[in-house]
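Here are my comments on the model you sent, as numbered points that can be checked against the coordinates.

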Amino acid sequence: MGVFKTINHMFRLGVLPYSTSCPCSSYSAVRFLHSLTSFSLKVSNFSTSQSRLLYPDTHNSILMELVKKVVHRGSTAPQSIAIRSDKTSHTYHQLILSAKNISNLLANADIKSVNDPGQNNHLGGARVGIVAKPSPEFVAGVLGIWFSGGVAVPLALSYPEAELLHVMNDADITMILSTEDHQEIMKAVAAKTSAQLSLLPAVSSTGVDHTSLQETEVSHAISGDDPALIIYTSGTTGKPKGVVHTHEGILAQVQMLADAWGYTSDDQFLHCLPLHHIHILCFLSIMLLFLTTTVEFMPKFSVRGIWQRWRESYPKDQTKTKDAITVFTGVPTMYTRLIQGYESMDPELQNACATAASQLRLMMCGSSALPLPVMQQWESITGHLLLERYGMTEFVMALSNPLHGKRKGGTVGNPLPGVQAKILAEDGSTDAEVGELCIKSPSLFKEYWKLPEVTKESFIDDGFFKTGDAARVDEDGYYVILGRTNADIMKVGGYKLSALEIEAVLLEHPTISECCVLGLPDKAYGEAVSAIVIPDSEIKRKRYEELKPALTLEELSTWAKEKLAPYKIPTRLLLWESLPRNAMGKVNKKELKKTLADQ
Ligand SMILES: Nc1ncnc2c1ncn2[C@@H]1O[C@H](COP(=O)(O)OP(=O)(O)OP(=O)(O)O)[C@@H](O)[C@H]1O
């Protein structure tokens, strides 16, 4: 659905006044929504049967739009499901009630005086830590923090205590909201940082809730440029930095993705990515989209669980259930595991799984390079040519293959609506074929928290953000990501080589099921192209029976001569059982290079 339709939809829902002049292009529509700034809102006497929204201020705001949409949705369709999790459904009404409780809890906590003594019941931009698995409680928590004027700082469950303490101190977090299951760890963290800890109330799931949303007060000034979220980077490129996203930036992202990927109110998303980092924003974007979509959480990625959920959605007789999943997005390792799971099934089950998967509307992939063999295998099983896109914590999504039109393997497509991209050469010129990818977008982050110098250095003069990724544009104008300039670009005897390009070729070898290419120090060439390979288990077993290693460097070099220039062929080979991947399935090459170089 386009921005026009979105806005029409908002008119129909009554969340935008009809007198508002209608923008005439997608981009101006986004800008129009951005121009909605300060607000003061009171939602009063609101119940499932009766709603009365008071807008004392003619200036709307991004957050007000959200509040109104959520509240409206909760009132007009009380049975409408926002989130499914652990086989339990939660309506929009239940979600907003919970957010309101959390907002009250925060307003009554003693955190306002530290941050903004002048404002009653308003956190005035105070940072509130939130720790919860992907769940309705997480969503209600973020909304509750926003309603009370706070800034949400998701705390990753996978962080070791030292990193949690870094984030707590860096963001000056004086209040943590946590679910019960993380209470003990967070108690210790709170004690060490003199922060308060409150438990996130469980979002109700039973029956139709007739509790009214009376007197939901959000009467303070928030401008679109105010911080909404601070997301800490995972630290693969240094100490975790707080990436500050504003309310208007998040809304811009919502509009962009709605346009690009054709999200509609009929979509139902199966979400099984960790809710920290960039995926928080993707997830929130989906939630905020029209607040009519449904998101189903699968807190832990499970190969069997996902195939089963698709089969349940589209049973054998080709019927689609009411709660059928329509959109799935994953990282490349998830698709690799799903393919492995599929291959181990009997033919009847394979047939049921493939038929079901083929009926989803859209399947996407991102976060790291999607190997071509995985893309091809997925297409042969499910008929879906995966839509690969490129994003980053600092701007969420920027480049994408098209929803309609040619999707090209090995590329991340073109800039999304409203996004500009350019390639910066080392000498500072911007018409280079290969160089650092720079992005300008309405969804760009505002700054790195308390790091003005780092923020300044991350931008070039005209507002383009330097991504730290090397890229090139192919003959069709599609962008190709060559990898992180500081980890994936190897300097070998005067050549600059992309580890990602070499990995893509090596994965075509029948023995190689996973691999990671990096440059290790070499006296003669500066760096040596080194491949860490995870062999296919069946081939490895057979070769061991013949008392041979799964693969030798000589065999690999001979095979690669046909496919790679001589200077790109690996000169070192390591056979490993598995790759050290993080929660997003990524290998921290900087750390790995250091460990291997030390050895
Ligand atoms: N489709 C893709 N192909 C190749 N690389 C990708 C793709 N999508 C994302 N990436 C990589 O992921 C990076 C963004 O991921 P993210 O913001 O999670 O940071 P990170 O590199 O994992 O770690 P850090 O938080 O330390 O920066 C991009 O800069 C790019 O290197």
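**Notes on the predicted model**

1. In this predicted model, helix 7 is followed by Asp172, whose phi is positive, near 50 degrees, and this residue is a convenient place to begin reading the region.

2. Helix 7 itself spans residues 161-170, and Leu164, Val167 and Met168 are buried within it. Because these residues cover an arc of only 100 degrees around the axis, they fall on the same side of helix 7. An α-helix has 3.6 residues a turn, so residues three or four places apart point the same way. On the other side of helix 7, Ala162 and Asn169 are exposed.

3. As for what lies against the helix, the buried residues of helix 7 pack against strand 5 (127-131) and strand 6 (151-154), and also against helix 8 (183-193) and strand 10 (227-232).

4. An open sheet of 9 strands, with mixed pairing, follows the order 4-3-13-12-14-15-16-17-18. Strand 4 (88-91) and strand 18 (414-415) stand at its edges with a single partner strand each, so one side of each is left without a neighbour in the sheet.

5. Within that sheet, strand 14 (residues 327-330) pairs with strand 15 (residues 362-365) in the parallel sense over 4 bridges, and Val327 stands opposite Leu362 of strand 15. Helix 4 (residues 92-108) lies across strand 3 (81-85) and strand 4, and runs at about 70 degrees to strand 4.

6. The unreviewed UniProt entry annotates residues 501-586 as "domain: AMP-binding enzyme C-terminal"; over residues 501-586 the chain is 27% helix and 29% strand, with the end C-alpha atoms 16 Å apart.

Methods: Residues are numbered from 1 along each chain as its sequence is written. This is a predicted model: local features need pLDDT of at least 70, side-chain atom pairs count only at pLDDT 80 or more; totals for chains, interfaces and linings use all residues. A residue is buried if 20 or more other C-beta atoms lie within 10 Å of its own, exposed if 12 or fewer, and partly exposed in between; C-beta atoms are placed from the backbone. Helices (H or I, at least four residues) and strands (E, at least two) are DSSP runs, numbered from the N terminus. The arc is that of the directions from the helix axis to the C-beta atoms. Two residues are in contact if their C-beta atoms, placed from the backbone, lie within 7 Å. UniProt positions are given in the numbering used here, feature names are shortened, and annotations may be inferred rather than shown by experiment. Two strands pair if DSSP finds at least two bridges between them. Axes are lines fitted to C-alpha atoms, for helices over the stretch in contact, and angles run from 0 to 180 degrees between N-to-C directions.
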